[in-house]
Amino acid sequence: MQDAALSTAARIEIGQPRLFTLAAVLIVSAYGVLLAVPFFAAILVVSVMKLSVLTLLIPVLAIALAAVFLPLGLGNPYVSRLVRSLNPPSVPADARCAVQLAAVPRIRSGLRAILEDADDIGYLSFTSTGFEFQGDSVKLSVPYACIKEVRPYNIGMRGLFVYGRRISVVVDGLPNVGALEFAERSSWLLPTSKRITRQLHKQFTKQ
């Protein structure tokens, strides 16, 4: 959408998921097994070594390595692939980002909501007058004037308290939605995720 397509009021359209279904959520969850590989490899190495400082250091280094690749273990490669299959918004590629969206209260429920803390995935883009989310099942457009609060916060245990923060956006005028929570889903490495999250936060608060 172009800038002119953004009205003076926030708008949201919610449909049925086509790509980000329960099956896709199960695949995303399966990526978590990758995070255990460095740790179990470290245990195998330590089991054939004599007790020393290295036997303590190697598991610690394995955990640190897993933390660096935390976005990979959260299934970001698969999520990015799904997002790329959507029609991108009519804005330059450097002005949009693959993200997840979770509404407060949640849009999805049941087993899917337990396994995956995202209600939808898609493109988040910014224009001169507001921001838009074009997802698999959710379409959202919000003028900057409708933003009441922007607040980053840590996602806690799911991100092992080291993952890039989510961004909570309180929007005025969306029915049955208290807040919108965005998290980037395009990176494979933790430092990259944190950098992208900082950039998104600046976009939300620059107006």
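# Exercises on helices and sheet in a predicted model

The buried residues of helix H5 are Asn-76, Pro-77, Tyr-78, Val-79, Ser-80, Leu-82 and Val-83; buried means under 20% relative accessible area, exposed over 50%, and partly exposed in between, with a 1.4 Å probe and protein chains only. This is a predicted model, in which local features need pLDDT of at least 70 and side-chain atom pairs count only at pLDDT 80 or more, while totals for chains, interfaces and linings use all residues. Residues are numbered from 1 along each chain as its sequence is written, and side-chain values use heavy atoms, with hydrogens and water left out.

## Exercise 1. The chain as a whole

Task: State how many helices and strands the protein chain has, and what share of its residues is buried.

Solution.
1. The protein chain has 7 helices and 8 strands; these are DSSP runs numbered from the N terminus, helices being H or I with at least four residues and strands E with at least two.
2. Of its 207 residues, 45% count as buried.
3. The C-alpha trace spans about 70 × 35 × 30 Å along the principal axes.

## Exercise 2. The sheet

Task: Give the order of the strands in the sheet and identify its edge strands.

Solution.
1. The open sheet is formed by 8 strands in the order E1-E5-E4-E3-E2-E8-E7-E6, with antiparallel pairing; two strands pair if DSSP finds at least two bridges between them.
2. Strand E1 (11-14) and strand E6 (147-153) are the edge strands, since each pairs on one side only.
3. Neighbouring strands of this sheet are turned against each other by 25° on average, direction ignored.
4. Within the sheet, strand E2 (residues 96-104) pairs with strand E8 (residues 179-184) in the antiparallel sense over 6 bridges.
5. Leu-101 stands opposite Phe-182 in E8.

## Exercise 3. Helix H5 against the sheet

Task: Determine which strands helix H5 lies across and which elements its buried residues pack against.

Solution.
1. Helix H5 (residues 76-84) lies across E2, strand E3 (120-126) and E8, and runs at about 70° to E3; axes are lines fitted to C-alpha atoms, for helices over the stretch in contact, and angles run from 0 to 180 degrees between N-to-C directions.
2. H5 is mostly covered, with 7 of its 9 residues buried.
3. The buried residues of H5 pack against helix H1 (22-30), helix H4 (70-73), E2, E3 and E8, where contact means heavy atoms within 4.5 Å.

## Exercise 4. The two sides of helix H2

Task: Compare the expected span of helix H2 with the distance between its end C-alpha atoms, then assign its buried and exposed residues.

Solution.
1. At 1.5 Å a residue, the 15 residues of helix H2 (residues 33-47) should span 21 Å, and the end C-alpha atoms are 21 Å apart, which agrees; the expected span is 1.5 Å times one less than the number of residues.
2. The buried residues of H2 are Pro-38, Ala-42 and Val-46.
3. Seen down the axis of H2, these buried residues fall within an arc of 70°, so they line one face of the helix; the arc is that of the directions from the helix axis to the C-beta atoms.
4. The buried residues of H2 pack against helix H3 (53-68).
5. Exposed on the other side of H2 are Val-33, Phe-40, Leu-44 and Ser-47.

## Exercise 5. Individual residues

Task: Classify Cys-97, Cys-146 and Pro-191 as buried or exposed.

Solution.
1. Cys-97 counts as buried because its relative accessibility is 13%.
2. Cys-146 counts as buried at 10% relative accessibility.
3. The structure holds 0 disulfides, a disulfide being a pair of cysteine sulfur atoms within 2.5 Å.
4. Pro-191, in helix H7 (residues 190-205), counts as exposed because its relative accessibility is 54%.
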